[in-house]
Amino acid sequence: MSYIGVKYILCFNPIMANENKPNIIIFLIDDAGYADFGFNNCNCDLKTPYIDFLARDGLVFTDAHVSSTVSGPSRAGLITGKNQQSFGFECNPSSLDCGLDLKEITLANEMKKANYKTALFGKWHLGIKPQFRPNMRGFDFFYGFLSGGRNYFFNKNYDCTENENALRLNGKPVSFKGYLTDELSNKCIEFIEKNKKENFFIIWAPNAVHTPMEAKDEDLLLFKDHPRKKLAAMTWALDRAIGKIILKLQKENLYNNTLIFFLSDNGGSPENDSSNFPLKGFKGNEFEGGHRVPFIVSWPSKIRYPFKFSRLTSSLDIFPTCLDAVDKLKTYNIQLDGVSLIPFLQETEKGSPHNRLYWRKDFTFSMRHDNMKLIKVKDLGCRLYNLNADLGEKNDLSQEERNILNGMIHDLEIWSDLMIKPLWTEDTKWNDVTWLIHRDLFNNKQITVKNPDELEN
Ligand code: CA
């Protein structure tokens, strides 16, 4: 190609891109319950009008799963489009040395290559040391915190210090006023205002609705008689924050051509009063409540008829869907573990994105094959459920369906052998808690312990 040809592309491509390619926003919520949004539960006692609006304009995925039951590995899978066990990020980071393998390419890296302005607002949880931080992993802009969770208000014990919980503007710890969920929304709107003439890629990942249970007084007042008062107020603030971003997109006439994902990073947790009804289990375990999450995809200019999508889908599909949206998937030559959802959004593809999905976290395993679900835990054995007949995973079929059980165990072992050993594991107390919870849930019993503080010595 001649120099003039190159110059021609450099001059005109960005304008073409801005006209045709969508902006992309991933709303990645923390520890939210499957049942705790109006769009997923018509009897929901929490108020989520803006998120429900997003759902009405898009597709609600009722059988969508994150790749891990806890935050760090789930985010590692989403941002690489690969099973995180393939590069050892299998468990939550357990020391300052842990981080997303520097050889892995992130979705932000790819979007930046596609001339997008890239930003992360909120939680990172993929490494603390300088080389692991968002600005080194494809994000032009970072306004958030490096750790797995923090307070919702300025905390003098760590804000404005080098502590991993401190709010940072790119590399620099900064002060802030007010409520963090609002603050992350306001900063995101500023970013959109500044970059509205460019294509932008945003991951908006608030602490909400993870513990600690902290809300603004005015929001608490609205729900003063609510049985889950704090969660209701935190969810109301979350919805308001997302609503403000949606209204900004609409005001700038960008909404119709913005590809938006909304999901939780793992199932709801007993620590924040969330509900995964009618699913069994919760964050950190292999039952459906651990990894089946609320999940919306919206792209109004492309989705003709919004509907509920009930086929098996993965958060690993977000990476290839984004590449497809910017017309880079066909030429992408790195193996990904998800598929583009765009043919499903447009109903040109009628099948399921996946007929098998696999999970592994240290000594707990699970697998889906169509409607069948296998759970396997070290020293506890296996459980087998037919989710079509038994979404609540109560009726174990492992004795009567031996052929299906053995076939799925075989598949799971083959998949597991393709992965590497975890580069780190969680501390032994959390492992004890996780094992005890699985033991109780295997036997359809109430859990006897939910965190290490409740362990007997
Ligand atoms: Ca989480």
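What follows walks through a predicted model, from its confidence scores to its sheets, its calcium site and a few individual residues.

Confidence comes first. The average pLDDT of the protein is 94, and 96% of the residues score at least 70. Residues 1–17 are another story: pLDDT stays under 50 there, and the model has four contacts beyond four places in sequence for this stretch.

Now to the sheets. One open sheet is built from ten strands, in the order β7-β6-β5-β4-β8-β1-β9-β10-β2-β11, and its pairing is mixed. At its edges sit β7 (172–173) and β11 (308–309), each of which pairs on one side only. At the β7 end, strand β6 (residues 168–169) runs antiparallel to β7, with two bridges between them. Here Leu 169 has Lys 172 of β7 as its bridge partner. Helices pack on this sheet too. Helix α3 (residues 71–80) touches β1 (23–29), β4 (117–123), β8 (200–205) and β9 (258–264), and its direction makes about 165° with that of β1. Helix α7 (residues 229–251) also packs on the sheet, touching β1, β8 and β9, with an angle of about 175° between its direction and that of β1.

Strand β10 (residues 295–298) deserves a closer look, since both of its faces are covered. Phe 295 and Val 297 are buried on one side, and Ile 296 and Ser 298 are buried on the other. On the β9 side, β10 is joined to β9 by four bridges, and the two run antiparallel. Strand β2 (residues 59–61) is also antiparallel to β10, joined to β10 by two bridges. Ile 296 turns up in both pairings: Phe 262 stands opposite Ile 296, and Val 60 has Ile 296 as its bridge partner in β10.

A second open sheet holds four strands in the order β13-β14-β15-β16, with antiparallel pairing. Its edge strands are β13 (356–361) and β16 (381–386); each has a single partner strand, so one side of each is left without a neighbour in the sheet. From one strand to the next, the twist averages 10°. In the middle of the order, strand β14 (residues 364–369) and strand β15 (residues 372–377) pair in the antiparallel sense over six bridges. Within that pair, Phe 365 stands opposite Lys 376 in β15. Helix α12 (residues 428–442) packs on this sheet and touches β14, β15 and β16, its direction making about 135° with that of β15. Helix α11 (residues 402–418) lies across β13, β14, β15 and β16, and runs at about 65° to β15.

Next, the metal. The calcium ion is coordinated by OD atoms of Asp 30, Asp 31 and Asp 265, the last of these listed twice, and by OD1 of Asn 266, at 2.3 to 2.7 Å. Along the chain the donors follow the spacing D-D-x233-D-N. Two of these residues are hidden from the outside: Asp 265 is buried, with a relative accessible area of 0%, and Asn 266 is buried as well, again at 0%.

What about the cysteines? A disulfide is a covalent bond between the sulfur atoms of two cysteines. The count of disulfides in the model comes to zero. For Cys 44, the closest cysteine sulfur is that of Cys 42, and at 9.7 Å this is too far for a bond. Cys 44 is itself buried, at a relative accessible area of 12%. Cys 91 is in no disulfide either; the nearest cysteine sulfur to it belongs to Cys 98, 9.5 Å away. Cys 91 counts as buried, with 1% relative accessibility.

Two more buried residues round off the picture. Thr 80 lies in helix α3 and has a relative accessibility of 1%, which counts as buried. Neighbours within four places in sequence aside, Thr 80 is in contact with Phe 87, Leu 100, Glu 104, Ile 105, Phe 319 and Leu 336. Asp 219 belongs to helix α6 (residues 217–222) and counts as buried at 2% relative accessibility. With its neighbours within four places in sequence again left out, the contacts of Asp 219 are Ala 233, Trp 236, Ala 237 and Arg 240. Asp 219 and Glu 252, 33 residues apart in sequence, are 28 Å apart in space, C-alpha to C-alpha.

Note on methods: Residues numbered from 1 in each chain as written. Predicted model: local features only at pLDDT ≥ 70, side-chain atom pairs only at ≥ 80, totals over all residues. Heavy atoms only, no water. Donors = N, O, S within 2.8 Å, 3.2 Å for Na, K, Ca; no water. Buried < 20%, exposed > 50% of the residue type's maximum accessible area, 1.4 Å probe, protein only. Pairing = 2+ DSSP bridges. Axes fitted to C-alpha atoms, helices over the stretch in contact; angles between N-to-C directions. Contact = heavy atoms within 4.5 Å. pLDDT = per-residue confidence, 0-100. Disulfide = S-S within 2.5 Å.
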